[in-house]
Amino acid sequence: MKRITLLALSLWAAHTGAQEMSRGEYVARAGDCMACHTAADGAPLAGGLKFATPLGDIYSTNITPDKTHGIGSYNYDEFARAMREGIAKDGHHLYPAMPYPSYAKMSDDDLRALYDYLINEVKPQATANRESDIPWPLSIRWPLGIWNSLFVDDKPFTPR
């Protein structure tokens, strides 16, 4: 009897928790934003996770709503451009370690929900972004625009 009660309570708790989760939080969890944008000893979504590449190390960015270090000053269109085209608010190209070609496939509704979640539900963290360790001239980012035009399919997913 104890097992049945425990199972029933677990299912109820899981169901109740799922009902309280916003669509944006669901999208963030499904997209696994936390995995890349949270360093081992860092605050959630405050960036700093190191990615070793053959060209040098790059670090994930702060995607909390902090206006100085995070995305708190991004409007929705700037956020959508970063997510779909890999171009930050200030116009620099993001490294393709950020899987913007995949996020380009997201529906407008899901992307808007994700933005609303990150801006309104996540706690701001004043954690500065860390520059990459990629040496010059390999650190020049404008060639990423050429790479994007050749290899990125940024058309949204259309179900059959």
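**Exercise 1. Describe how E1 is connected and paired to E2.**

Solution. A hairpin of two residues links E1 to E2. Strands are DSSP runs of E with at least two residues, and helices are runs of H or I with at least four, numbered from the N terminus. The model is predicted: local features need pLDDT of at least 70, side-chain atom pairs count only at pLDDT 80 or more, and totals for chains, interfaces and linings use all residues. Residues are numbered from 1 along each chain as its sequence is written, and side-chain values use heavy atoms, with hydrogens and water left out.

Next, take the pairing, which requires at least two DSSP bridges between the strands. E1 covers residues 50–53 and E2 residues 56–59; they run antiparallel and are joined by four bridges. One bridge pairs Ala 52 with Asp 57 in E2.

**Exercise 2. Find the salt bridge partners of Asp 57, Glu 85 and Asp 108.**

Solution. The criterion is a side-chain nitrogen of Lys or Arg within 4 Å of a carboxyl oxygen of Asp or Glu. The structure holds six such salt bridges.

1. Asp 57 meets Lys 50 at 3.3 Å, N to O. Asp 57 has 17% relative accessibility and is therefore buried (under 20% relative accessible area; exposed is over 50%, partly exposed in between; 1.4 Å probe, protein chains only).
2. Glu 85 pairs with Arg 81, with the closest N and O atoms 3.8 Å apart. Both residues lie in helix H4, four residues apart, about one turn of the helix. Glu 85 is partly exposed at 37%, and Arg 81 is also partly exposed at 37%.
3. Asp 108 pairs with Arg 84, with the closest N and O atoms 3.0 Å apart. Asp 108 is in helix H6 and Arg 84 in helix H4, so this pair ties together parts 24 residues apart in sequence. Arg 84 is buried, at 14% relative accessibility.

**Exercise 3. Locate the largest nonpolar core and the contacts of Phe 79.**

Solution. A nonpolar core is a set of buried Ala, Val, Leu, Ile, Met, Phe, Trp, Tyr and Cys residues joined through side-chain atoms within 4.5 Å. The largest has 25 residues; those touching the most other members are Phe 79, Met 83, Met 106, Leu 111, Leu 114 and Leu 118. Helices H2 (23–30), H4 (76–85), H5 (100–103) and H6 (108–120) each give two or more residues to this core.

For Phe 79, apply the contact criterion, heavy atoms within 4.5 Å. Leaving out residues up to four places away in sequence, Phe 79 touches Ile 71, Tyr 74, Leu 111, Leu 114, Tyr 115 and Leu 118.
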